[in-house]
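Me: I should like to take a close look at one loop position and then follow the packing around it. Please give one connected account, with the terms explained as they arise.

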Amino acid sequence: MKPKAPQLLPSELRMVAWEVTRSCNLACAHCRASSERGPYPGELDTEACLRLLDGIAAVGKPVIILTGGEPLLRQDVFAIAAYGDRLGLRMVMATNGTLVTAGTVQKMIAAGIRRVSVSIDGPGASTHDALRRVPGAFAGAVAGIETLKRGGMEFQVNTTVTRANFGRLAEIHALAVGIGAAAHHIFLLVPTGRGKEMAGEEISAEQYERTLEWFHERSRESMIQVKATCAPHYFRVERQRRAKEPAAADDRAKAGPARHPFSASTRGCLGGISFCFISHVGSVQPCGYLELEAGKVTERPFAEIWREARLFTALRDLGRYEGKCGRCEFVRVCGGCRARAYEATGDFLAEEPLCIYEPRGG
């Protein structure tokens, strides 16, 4: 069989998720890192962290998500954030919310952190705390959000979708709107790390499709920003719906630009293309769920890893994608979840296993 011609995607770095620490005060059932209190050996020290930010800034000006574990357990996290801010990087933080105090909010603002995401996985304590495995986690997250609001810090709500909360997404979204979130991002469970124990909690391909259809409706109606993450099919669904509703699309165009134009400026799976993940020991991966190392910042400059790593160059070549993804007309906007493909088959270029769409080719 004649090999397919390369179909290279541009590789502008737009976002980095950085696990500044693996230590965490919770023990979430779905955690990709299986995080616990720690400590974890080999964590980058302050000087190495600042050098890493210099290396990232040499490539571009991406959003830097300070995540974990729980980033507020790292004593120098605000010094790291402030340094990144001075370099012109947009610094944001992902937290479980339970450690947020009025003092930490003041430090966030002083350090130049622009937005904080807090995970809410149920409309109440029963669903959220069951996933987080710590009683009181929901109350702590909501209290943290109220503290962020009082302190004037913009925040968003993140939700990991599982069988347990699949039927309650409308309630969670209403909660996000009601508490004043700037955005609601849903994450489709990828069973890696401790999440492998939750493989049975992954929603079915049909439920996946219904979730994305529902979320597309929210993108048109919600008063806040909405975004589907680790759900690359969303961009296929969005384009299919747009093609079926040309009159509605024309009406929206006449009314002015869309409030939430995420789908126009991004695509499905971003791993190794415009996004990467950096672990607490400096391992650079396509994303936190695809645990394949492109290089280590303690051994090679970040810019060299981003531009030249064979893992990343493979992900940027759509001509190498296999199965349904390789022949799908939506591959440029979707691409399938590479982490889900790898967990299912051992091949990160294989077809996405939770997609019900049958490509027409072209």
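Does Gly319 count as buried or exposed, and why?

Reply: Gly319 counts as buried, because its relative accessibility is 10%; the class takes in residues under 20% relative accessible area, with exposed meaning over 50% and partly exposed the range between, for a 1.4 Å probe and protein chains only. The model is predicted, so local features are given at pLDDT of at least 70 and side-chain atom pairs at 80 or more, while totals for chains, interfaces and linings use all residues. Residues are numbered from 1 along each chain as its sequence is written, and side-chain values use heavy atoms, without hydrogens or water.

Gly319 sits in the loop that runs between helix 12 and helix 13. Helices (H or I, at least four residues) and strands (E, at least two) are DSSP runs numbered from the N terminus. The C-alpha of Gly319 is 5.0 Å from that of Gln7, although the two residues are 312 apart in sequence. For the protein as a whole, 72% of the contacts between residues at least 6 apart in sequence join residues at least 24 apart; a contact means heavy atoms within 4.5 Å. There are 14 helices and 10 strands, and 58% of the 362 residues count as buried.

The two helices that flank this loop appear again in the surroundings of helix 14. In helix 14 (residues 338-345), Arg338, Ala339, Arg340 and Ala341 are buried. These residues pack against helix 12 (310-315) and helix 13, and also against strand 6 (183-188) and helix 7 (205-221). Gly346, just after helix 14, has a positive phi of about 85 degrees.

Farther along, in the segment after helix 14, lies Ile356. Ile356 is described as partly exposed because its relative accessible area is 39%. Beyond its neighbours within four places in sequence, Ile356 is in contact with Ala205, Glu206, Glu209 and Lys324. Its C-alpha atom is 9.8 Å from that of Ser204, 152 residues away along the chain.

Helix 13 (323-327) is also one of the elements that give two or more residues to the lining of the largest cavity, the other being helix 8 (233-244). A cavity is a set of points, on a 1 Å grid over the protein atoms alone, where a 1.4 Å probe fits but cannot get out, and lining residues have an atom within 4 Å of a point. The search of the whole structure finds 2 cavities of 30 Å³ or more, and the largest encloses about 110 Å³. Volume here is the space filled by probe spheres set on the points, which are joined across faces, edges and corners. The lining of the largest cavity comprises 15 residues, of which Cys325, Cys328, Cys334, Gly336 and Cys355 are the closest to its centre. By class, this lining has 8 nonpolar, 3 polar and 4 charged residues. Ala, Val, Leu, Ile, Met, Phe, Trp, Tyr, Cys and Pro count as nonpolar, Asp, Glu, Lys and Arg as charged, and the others, Gly among them, as polar.

The second largest cavity has a volume of about 30 Å³. Arg340, one of the buried residues of helix 14, belongs to its lining, together with Val161, Leu188, Leu189, Glu202, Ile203, Tyr208 and Leu354. That lining divides into 6 nonpolar and 2 charged residues, with no polar ones.

Two backbone features deserve mention. Most residues other than glycine have a negative phi, and most peptide bonds are trans. Cys230, however, has a positive phi near 55 degrees and occupies the loop between strand 7 (225-229) and helix 8. The peptide bond from Gly68 to Gly69 is cis, with omega near 25 degrees, and Gly69 lies in the loop between strand 2 (63-67) and helix 2.

Helix 2 offers a further packing example. Val77, Phe78, Ile80, Ala81, Ala82 and Gly84 of helix 2 are buried, and their cover includes strand 1 (15-19), helix 1 (46-57), strand 3 (90-95) and helix 3. Phi of Gly88, just after helix 2, is positive at about 90 degrees.

Conventions
1 Å grid on protein atoms, 1.4 Å probe; cavity = no way out; pocket = protein on both sides within 12 Å on 5 of 7 lines; lining within 4 Å.
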